[in-house]
Amino acid sequence: MKKILSLAFLLMLSLSVFAQRQVTKFLGIPVDGSRTAMIEKLKAKGFRYYSDIDILEGKFNGMNVLIYVHTNNNKVWRIIVLYKDGFNKEQIKTQYNRLINQFANNPRYKVLDAEELTDEDDIYQEVSINKKQYYAEFYQLPDDENIENRSVWFTFNENPNNPEEYCIAIYYENNYNEANGDDL
């Protein structure tokens, strides 16, 4: 009987540990662990790492991208995917809406906040002059009580080197590892 109870306890403990480890994934890699380990895993996926500027480069979703790995207390909490190529004000609408549709139609994501751009949206006026930030936010499934800790969102900003161009950035966040004020 002791063995059965011990086995049942271990099973419940392992299920609880498994549930706590469900974190955001980027290309199937958990956004967690050490920075060095994450960089090695991304290199194994075909990305090139440039240690002098601390950035990875490669292809993602059919686009040339730069990847930044952000940590908090030596644990990865965010992967930023920045499209290398910029878009003009009409192209950015198409690319932004395309990403919304890709995420919304992917069964691994749940839409939290995503509104497509229309022909009436004046990107130059809103972003460049009014400093408005357009963004779309999704939760990465499986759907459980900790879904808000697995957010994926994207936005676009004006290219600081070319005000006629806009750049897309996608953020894969493990909010379990995000700074929460403990160090204050």
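Here is a short chat between a visitor and a guide about the model above.

Visitor: Which pLDDT do local features need in this model?
Guide: This is a predicted model, where side-chain atom pairs count only at pLDDT 80 or more, totals for chains, interfaces and linings use all residues, and local features need pLDDT of at least 70. Residues are numbered from 1 along each chain as its sequence is written, and side-chain values use heavy atoms, with hydrogens and water left out. So, for local features, the value is a pLDDT of at least 70.

Visitor: What are the edge strands of the open sheet?
Guide: Strands here are DSSP runs of E with at least two residues, and helices are runs of H or I with at least four, numbered from the N terminus. Two strands pair if DSSP finds at least two bridges between them. The open sheet has eight strands in the order β3-β4-β5-β6-β10-β9-β8-β7, with antiparallel pairing. Each edge strand pairs on one side only, and these are β3 (48-50) and β7 (109-113).

Visitor: How many degrees are neighbouring strands of this sheet turned against each other on average?
Guide: Axes are lines fitted to C-alpha atoms, for helices over the stretch in contact, and angles run from 0 to 180 degrees between N-to-C directions. For neighbouring strands of this sheet the direction is ignored, and the average is 25 degrees.

Visitor: Which residue stands opposite V65 in β6?
Guide: β5 and β6 run antiparallel, joined by eight bridges. They form a hairpin with two residues between them, and N73 in the turn has a positive phi of about 50 degrees. Across from V65 in β6 is Y83.

Visitor: How many of the residues of β6 are buried?
Guide: Buried means under 20% relative accessible area, exposed means over 50%, and partly exposed is in between (1.4 Å probe, protein chains only). β6 also runs antiparallel to β10, with five bridges joining them, and V81 stands opposite I170 in β10. β6 is mostly covered, and the count of buried residues is seven of its nine.

Visitor: At about how many degrees does α2 run to β5?
Guide: Helix α2 (residues 35-44) lies across β3, β4 (55-60), β5 (63-72) and β6 (75-83). α3 packs on the sheet too, touching β5, β6, β7, β8, β9 and β10 (162-174), and its direction makes about 15 degrees with that of β10. For α2 and β5, the angle is about 160 degrees.

Visitor: Is N149 buried or exposed?
Guide: N149 sits in the loop between β8 and β9. Leaving aside neighbours within four places in sequence, N149 is in contact (heavy atoms within 4.5 Å) with T24, E173, N174, N175 and Y176. Its relative accessible area is 14%, so N149 is buried.

Visitor: Which element gives the largest share of the lining of the largest pocket?
Guide: A pocket is an open set of points on a 1 Å grid over the protein atoms alone, where a 1.4 Å probe fits, with protein on both sides within 12 Å along at least five of seven lines; lining residues have an atom within 4 Å of a point. The largest pocket is lined by 21 residues, with K25, G28, R108, Y109 and Q140 nearest its centre. The elements giving two or more residues to this lining are β1 (25-26) and α3 (89-104). With three residues, the largest share comes from α3.
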